[in-house]
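Colleague: I would like a close look at a single part of this protein, the nonpolar core. Please set it in the context of the whole chain.

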Amino acid sequence: MSESRLDTSLISPKNVLKKQQLLQDLLVHLRAKIQEYPATHNLKGCNEFLLYVTKVVENSVVKKQKIDKKQLVLDVFKILFNLQPPELLVLDASIEFLHSNGLISKVKVVKKAKAWFLKKLNYLC
């Protein structure tokens with residue numbers, strides 16, 4: 001008997017599965033990033049860490065995926081730091097503040113192209 005092989009490389013997750021996959025990828029990345037900081041640093045209430053997370057989400061979620069970026073950030077913080085509803089309300093207000101003041105932005109294409117070029121140049125050398 002021949003063994004049947006299933007090729008799933010052409011099938012990609014959509015909707016809820018895509019959101020869950022993105023959430024897990026973000027959690028893995030952020031948990032690794034948290035390990036870089038000393039244990040005494042409180043990242044739960046750190047606005048700079050919140051800005052970092054919102055920028056990561058802004059640059060990793062494509063508009064056509066129809067994922068609510070704000071809710072994704074809230075979910076990430078809820079999972080990472082076991083936030084309760086009152087803390088989530090404060091976090092929600094902080095995200096609104098960052099958004100309304102234009103602090104959450106995408107990485108410019110020129111910066112991405114420069115990073116790609118330097119990576120390729122280092123690979124060749």
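Modeller: A caution before the details: this is a predicted model. Residues 24 or more positions apart account for 65% of the contacts in the protein with a separation of 6 or more. The fold itself has five helices and zero strands, so that reading along the sequence gives the pattern α-α-α-α-α. The radius of gyration is 18 Å, well over the 14 Å that the globule rule gives for 125 residues, so the protein is more spread out than a compact globule. Its C-alpha trace spans about 60 × 45 × 35 Å along the principal axes.

Now the core. The largest nonpolar core holds 26 residues, and the members that touch the most others are F49, L72, F77 and L91. At least two residues of this core come from each of helix 1 (15–35), helix 2, helix 3 (69–81) and helix 4 (85–100). Helix 3 gives the largest share, seven residues. For the protein as a whole, buried residues make up 23% of the 125 residues.

L72 is a useful residue to follow. Apart from its neighbours within four places in sequence, L72 is in contact with K19, L22, L23, L26, V57, V61 and I67.

Helix 2 (residues 47–60) also carries a charged residue worth checking, E58. Is E58 buried or exposed? E58 counts as buried because its relative accessible area is 19%, and the cut-off for buried is under 20%. Leaving aside neighbours within four places in sequence, E58 is in contact with K69, I104, S105 and K106.

After helix 3, the loop that leads to helix 4 contains N82. Phi of N82 is near 50°, a positive value in a residue other than glycine. N82 is exposed, with a relative accessible area of 62%; the cut-off for exposed is over 50%.

As for the outside, the protein exposes about 10000 Å², of which carbon and sulfur atoms supply 59%. The protein has 21 positive and 11 negative charges, and the mean positions of the two sets are 8 Å apart.

To return to your request, the core has 26 residues, with F49, L72, F77 and L91 among those touching the most other members, and helix 3 supplies seven residues, the largest share.

Note on methods: Residues numbered from 1 in each chain as written. Predicted model: local features only at pLDDT ≥ 70, side-chain atom pairs only at ≥ 80, totals over all residues. Heavy atoms only, no water. Helix = DSSP H or I, 4+ residues; strand = E, 2+ residues; numbered from the N terminus. Rg over C-alpha atoms; globule rule 2.2 N^0.38 Å. Buried < 20%, exposed > 50% of the residue type's maximum accessible area, 1.4 Å probe, protein only. Contact = heavy atoms within 4.5 Å. Areas by Shrake-Rupley, 256 points an atom, 1.4 Å probe, with all protein chains shown as cover. Lys, Arg positive; Asp, Glu negative; His and termini not counted. Charge placed at Lys NZ, Arg CZ, Asp CG, Glu CD. Core = buried A, V, L, I, M, F, W, Y, C linked by side-chain atoms within 4.5 Å.
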